[in-house]
Amino acid sequence: MKIVSRSAAVRLDAVTKAFGSTVAVDAVTLDIEAGTLVTLLGPSGCGKTTTLRMIAGLETQTSGHVLIGGKDVTLLPPNERDVSMVFQSYALFPHMSVIENVSYGLRQSQLSRPAQRDKAREGLKMVGLEGYDDRLPSELSGGQQQRVAVARALVLEPQVLLFDEPLSNLDAKLRRRMREEIRELQQTLGLTSVYVTHDQEEALAVSDKIVVMNKGRIAQVGTPHDLYERPADAFVADFIGSANLIPGSIRKRNEKEKTITIDLGNLIVDVPVRGYEGNDIYLVVRPSGVSLDAKGSKAASLPAKVEKATYLGSHWEYTISTANSSMFVVQPTHKIFKPGARVFATLDPDHITVVRRS
Amino acid sequence: MPPDPITMPELSKQSRHILLLAIIGLIGAIALPWYVVPSGFWKFTWIGQFGEANASSLFLQALLHGRWQLLLIGLCLLIPFIEVFRREGPRGSVIAGAGGVGLFWMFAQGFLIGLKGWNASWLELAFGPISAQTGFGVGAVICGGALLLLFSTGLALNGLMRGDGFLVGSITVVASCIALFVFYPVFLILIESAVTPEGGYSVTAIFARVFSADVGQVTLNSLALGVATGLATTLLGLGFALLHKRTNFRAKGLLRLLAILPIITPPFVIGLGIILLFGRNGVATWLMSELFGIPPSRWIYGFFGLLLVQTLAFAPIAYLVIIGVVEGISPSMEEASQTLRANRWQTFANVTWPLMRPGLANAFLIGFVESLADFGNPLVLGGNYDVLSTDIFFAIVGSQNDPGRAAALSIALLALTLSAFYLQRRWLGRRSYTTIAGKGDSGLPAKLPDGVRRLIYMTAVPWLAFTVLLYGITLIGGFVKSLGIDNTLTFQHYITAFGIEWTERGLQWTGRAWSSFFTTIGVSAAAAPFTAAIGLLTAYLLNRQRFIGQSTFEFITMLSFAIPGTVIGVSYILAFNVPPIEITGTGLILVICFIFRNMPVSIRAGIAAMSQIDRSLDECSLMLRHGSFATIRRVILPLLRPAIIASLVYAFVRAITSVSAVIFLVSAQYNLATAYIVGRVEVSDFGVAIAYSSVLILFMLGAIGAIQLGVGEQRRSNRGIQPLAVRGGVA
């Protein structure tokens, strides 16, 4: 009994959810291609879980439409939409054994009892839990419970598989392993998946596309690479991979060399052009895009003072203050500075981008 | 393509459901007697007389016996039957409309046309005379049920609750039941108190009755007793709770037994015990007159006797309420206080005590309401101190036979309990005193200040001893001829009540109590599963679903808590003595009364238990292709098993011990144990009363013990199932 995929595309059409007067999700329109993993990423309260629950049918939208595989499912209850979901709490039924949990969804299908068992076993095999049939959920470790939850969702061969912060109850090491396994399963089976997380590293690691949400709206949609390299605004820049936002203004646009010259007050830098209107911008400086030296070697370096120094084994983290801003900087282990030391910060133009300042 | 005229359209799941309902309704309308069969439905003598005036189905009544008004109901059942086969599928509004109109008309004609034809003279003038009709019978009940469910299915078809027919059906059924069996009867009390001496109705009559000097005096009496009892029970309950949780008191098992006792003790037993001790021929009275020369008197009959008895009876309830509050105080609060340089007394006064205050208010209000609703003890011990609950009884069954006065007294009683209920919700709703947040924390609760501890030992322990003595003397009372007068040992009372003889005709239940004993057990056992089912279903709707009008729904279900049993009893007589619903004098009215009396507790138990089950389990089951009904069956019910058993036990036990409501509803054929005992007490036949009460208490102890043993076994074999829900926050 093979588990196959019947992936379908998902389309959200101006979907809105209001709880009383607060709008949790505000006219979100989104296309999710079949067979891809799309992550909804954002801080808590941004509406990402509500959006996911509306795809699941657990939440009724105030307005808008949800389409799965081209079919309008807006008015269908969850049990009649062809989707399954892995819950944050796993939601394993504590009174059922592992095999009963996994075959639970199949009980409403046309399959015979033995066929249900076979399929459930196949699902357990896929997540590496063969031979755990008769255990109770309370007798499993957190990671194993997580696998059962995934197997339970997989065996239904849903058109869309939803993940609601599936790894947030695991410790850091297990989280890394589970996210790789989930990604591998998703790619092998070619599943359409929607994945909710607030952890940007997790999102970068598993996604084909990331949807960054803020205050109920979509801030930006793109591949992990797009979002990191070309954030649409200060919020995305800061949320993905943390950034130092330094206010500045564009002094000159050099059309021929495709760069713009930016005035930071006490420093002028040239960065590749991104075609911004207006002159007020933030310079987005990644913590790894700065190098600190005891002496100012190049012209494009800022004098700064080390405020805090934290040793993390693989690298140093420094907080430095310049004349009009403070920056968070990551340096290799051989660059050692004491708090209070005078340093020069050199910005690497290739790791710098610019977003609008409004 | 031209439509094929022979093939029927394939029916969807919902259409099949509608078809089934319509067929059931039509069977009820065609083949079952519409009106009550005088000789009883289950004797099936009506089959032989089928077609005659009192044993005809709806259609026969309409066609043969001139009851044309019934045809509309039949039509409303036929419409869905036809609508189902519509090519585009049935329309929700048509189904709901047919169900709604049919049901409305069924009740409207039932209320308009009674035992003597038209119930109002202007209708007779307008339409001419009409055949009289009696109460609804089995056929009518089935048609009514089918119409109600057709109505809700139609609404679901129109997209209400996302088209979940089960949920819409549950809500309508529960709401209709509460409306019919709680609010309609209570509403009739208002009507009854508005009857003027001339036979008309007026609002001023209500005020004249309720604010009469006589009703006012009785209300004041009840209020004074309620407040005093509320205070006394709260203080004692607090003492017990602190004794249990914050001292090294040894006999904690005794405290737990004390907490179960009031649930399984028929309410007047403590009153009986007090009479045996302090009555004119009581043991204590005799001792006092022998030792100190105090002449025997009737001082125990009246306010102080009632206060004593009610405090004894209800302090354990306060103890149960307060112990929950004491447990809810996080020890880390007290530890924090101590690390901030507070001594034991300051910690108690500034941290522990304020945190307990809402629990104490709650306990006080419960004691107050229990005292007002108490019927058995005032009946036994009231003397000349009239209280509302017993006065209502005497207004109905006594020589007065004044339903208007009973209604006015009921309104006064209802006003008091509803105010208490309102205050409780207001006060507890406003602030949160829950101190345990998120993770369970450990730590040691602070020791009580020495003064407080000594005070508790000095009051609670003697009180405990007194309770034990009381139950002891009551038990002994059943084995002596007449305690205090003739103390010879005898089994006569038990033989009178529970004698069995073996004759040539087989086993003979010669004891006089057997009949009421068997009725009690039968009726209670019949009511318990329905009580638990409706209660838990309501709890599910309140706890797990969101729907329009939910807060109103919640409010009215919780309001039924506040309606005292005596009021329910009176209202049932008013409501169900005449057509269309004519069930007084049957066992059915007792079962229905028990169901709706005890349902609120079942709701609370259900809500408490369901709050422990993570909501994501339901959602997960929904995602795994199960509808709400399958989810309840496969996920919620298995996890709720302890709550279900507790509800069943409670409903059963409460039904056995209840007096106030059913004393109005018992009949010669369906007498209940408590009513029988009250009858014995009224003629001062204490011996038999005590013997019977003891048997009841032992029977219930045995039943509870057996069930707990059974549940315990089950728990062990289940390898420690606990919900392992890691509560996830919603981003």
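Two strands are said to pair if DSSP finds at least two bridges between them. The views below show a predicted model.

**The hairpin of strands 16 and 17 in chain A.** Strand 16 covers residues 301-311 of chain A, and strand 17 covers residues 315-321 of chain A. The two strands pair in the antiparallel sense, over six bridges. Within this pairing, Lys308(A) faces Thr319(A) of strand 17. Three residues separate the two strands of the hairpin. In its turn, Gly313(A) has a positive phi of about 80 degrees.

**The hairpin of strands 17 and 18 in chain A.** Strand 17 of chain A is also joined to strand 18 of chain A, residues 326-332, and the two run antiparallel with seven bridges between them. One residue pair to locate is Glu317(A) with its bridge partner Val330(A), the latter in strand 18 of chain A. The connection between these strands is a hairpin of four residues.

**An open sheet of five strands in chain A.** The strands of this sheet follow the order 13-12-11-14-20, and their pairing is antiparallel. Strand 13 (268-272) and strand 20 (352-356) of chain A form the edges, each pairing on one side only. On average, neighbouring strands of the sheet are turned by 45 degrees against each other, direction ignored. Strands of a sheet pair through backbone hydrogen bonds, in either a parallel or an antiparallel manner.

**Strand 14 beside the edge strand 20 in chain A.** Strand 14 of chain A comprises residues 280-285 and pairs with strand 20 of chain A in the antiparallel sense. Five bridges hold this pairing in the model. Leu283(A) stands opposite Val354(A), which belongs to strand 20 of chain A.

**The contact between chain A and chain B.** Here 32 residues of chain A are in contact with 30 residues of chain B. On the side of chain A that touches chain B, the elements giving two or more residues are helix 1 (48-56) and strand 6 (83-86) of chain A. The residues on this side of chain A comprise 16 nonpolar, 13 polar and three charged ones.

**Chain B as a whole.** Chain B contains 29 helices and six strands. Its C-alpha trace spans about 100 × 70 × 65 Å along the principal axes. The radius of gyration of chain B is 29 Å, which agrees with the value near 27 Å for a compact globule of 731 residues. Of the 731 residues of chain B, 45% count as buried. Among contacts in chain B between residues at least 6 apart in sequence, 76% link residues at least 24 apart.

Key
Residues are numbered from 1 along each chain as its sequence is written. Chains are lettered from A and ligands numbered from 1 in the order in which they are written. This is a predicted model: local features need pLDDT of at least 70, side-chain atom pairs count only at pLDDT 80 or more; totals for chains, interfaces and linings use all residues. Two residues are in contact if their C-beta atoms, placed from the backbone, lie within 7 Å. Ala, Val, Leu, Ile, Met, Phe, Trp, Tyr, Cys and Pro count as nonpolar, Asp, Glu, Lys and Arg as charged, and the others, Gly among them, as polar. Axes are lines fitted to C-alpha atoms, for helices over the stretch in contact, and angles run from 0 to 180 degrees between N-to-C directions. The radius of gyration is taken over C-alpha atoms; the globule rule is 2.2 Å times the number of residues to the power 0.38. A residue is buried if 20 or more other C-beta atoms lie within 10 Å of its own, exposed if 12 or fewer, and partly exposed in between; C-beta atoms are placed from the backbone.
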